[in-house]
Amino acid sequence: MKAGGSVCPPSYFTVDNKMHYLYQEGRTVFKYAVSNMSNVTAEVAERNGLNKDTIDWVIPHQANMRIIDAVAARLGVPLEKVMVNIQRYGNTSAGTLPLCLWDYEKHLKKGDNLIFTAFGAGFTWGAAYVKWGYDGK
């Protein structure tokens, strides 16, 4: 919000100029999400001796399909190896990664290498590597 806090307290001016609404700088968020999700995923893969050929699945946060496409492209991972369900649920916030696992469980095989990656509120990001423990249903 551009106004409403101690730096710019409410006034007739701030109300008349509609300064009490949330907004997002979409280009900035996109750029940071793509670069940070890609970088942290590559770092986790490298630390664990993985590369684009030995990663079986990338499970990205499902906030935006353009972000998912760009992360996959930067990693050199084909979309066939990226779990996507945003078209079904939209952005489900913290539930996005477990929902992907639920939807794709039947495709998973014991020993598959999975990398989860996310970017969220407060410009936080992270990734985790998991070796899958059983054959899907």
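In which sense do β1 and β2 pair, and over how many bridges? Parallel, over four bridges. One caution before I go on: this is a predicted model.

Let me start with the sheet. Three strands make it up, in the order β1-β2-β3. The sheet is open, and its pairing is mixed. β1 and β3, residues 124-131, are the edge strands, each pairing on one side only. From one strand to the next, the twist averages 15°.

Now the two pairings. On the β1 side, Val58 stands opposite Ile115 of β2. On the other side, β2 and β3 run antiparallel, joined by eight bridges. Take Asn113 as an example: its bridge partner in β3 is Lys131.

Next, the helices on the sheet. α2 packs there and touches β1, β2 and β3. The direction of α2 makes about 150° with that of β2. α5 lies across β1 and β2. Relative to β1, α5 runs at about 140°.

What about β1 itself: which residues cover its two faces? Trp57 and Ile59 are on one side, Val58 and Pro60 on the other. All four are buried. The alternation is what a regular strand gives, with side chains going to the two faces of the sheet in turn.

That brings me to the core. The largest nonpolar core has 32 residues. Trp57, Ile59, Val82, Met83, Leu101, Leu108 and Leu114 have the most contacts inside it. Which elements give two or more residues? They are α2 (26-47), β1 (57-60), α3 (65-75), α5 (96-104) and β2 (113-120). As a general point, nonpolar side chains in soluble globular proteins tend to be buried together.

Stay with Leu108 for a moment. Leaving out residues up to four places away in sequence, Leu108 touches Trp57, Met83, Leu101 and Leu114. Its contacts also include Trp132, Tyr134, Asp135 and Gly136.

Now the rings. The count of aromatic pairs comes to five. I will show two, and both involve Phe119. First, Phe119 with Phe123: the centres are 5.3 Å apart and the planes are at 75°, so this pair is edge-to-face. Second, Phe119 with Trp125: the centres are 6.3 Å apart, but the planes are at 10°, so this pair is stacked.

Are these rings buried or exposed? Phe119 is buried, at a relative accessible area of 10%. Phe123 is partly exposed, at 36%. Trp125 is also partly exposed, with 42% relative accessibility. Add Tyr32, and Tyr32, Phe119, Phe123 and Trp125 form one aromatic cluster.

There is a charge over a ring as well. Where does the charged end of Arg66 sit? Over the ring of Phe30, 4.5 Å from the ring centre.

Last, the backbone. Two residues deserve a look in your viewer. Lys18 is not a glycine, yet its phi is positive, about 50°. Lys18 is in the loop between α1 (12-16) and α2. Lys18 is exposed, because its relative accessible area is 60% and the cut-off for exposed is over 50%. Ser93 also has a positive phi, about 55°, without being a glycine. Ser93 belongs to the loop between α4 (86-89) and α5.

To recap: a mixed, open sheet of three strands, α2 packed on it, and a largest nonpolar core of 32 residues.

Note on methods
Residues numbered from 1 in each chain as written. Predicted model: local features only at pLDDT ≥ 70, side-chain atom pairs only at ≥ 80, totals over all residues. Heavy atoms only, no water. Core = buried A, V, L, I, M, F, W, Y, C linked by side-chain atoms within 4.5 Å. Buried < 20%, exposed > 50% of the residue type's maximum accessible area, 1.4 Å probe, protein only. Contact = heavy atoms within 4.5 Å. Pairing = 2+ DSSP bridges. Phe/Tyr/Trp six-rings, centres within 6.5 Å; stacked < 30°, edge-to-face > 60°. Lys NZ or Arg CZ within 6 Å of the ring centre and 35° of its normal. Axes fitted to C-alpha atoms, helices over the stretch in contact; angles between N-to-C directions.
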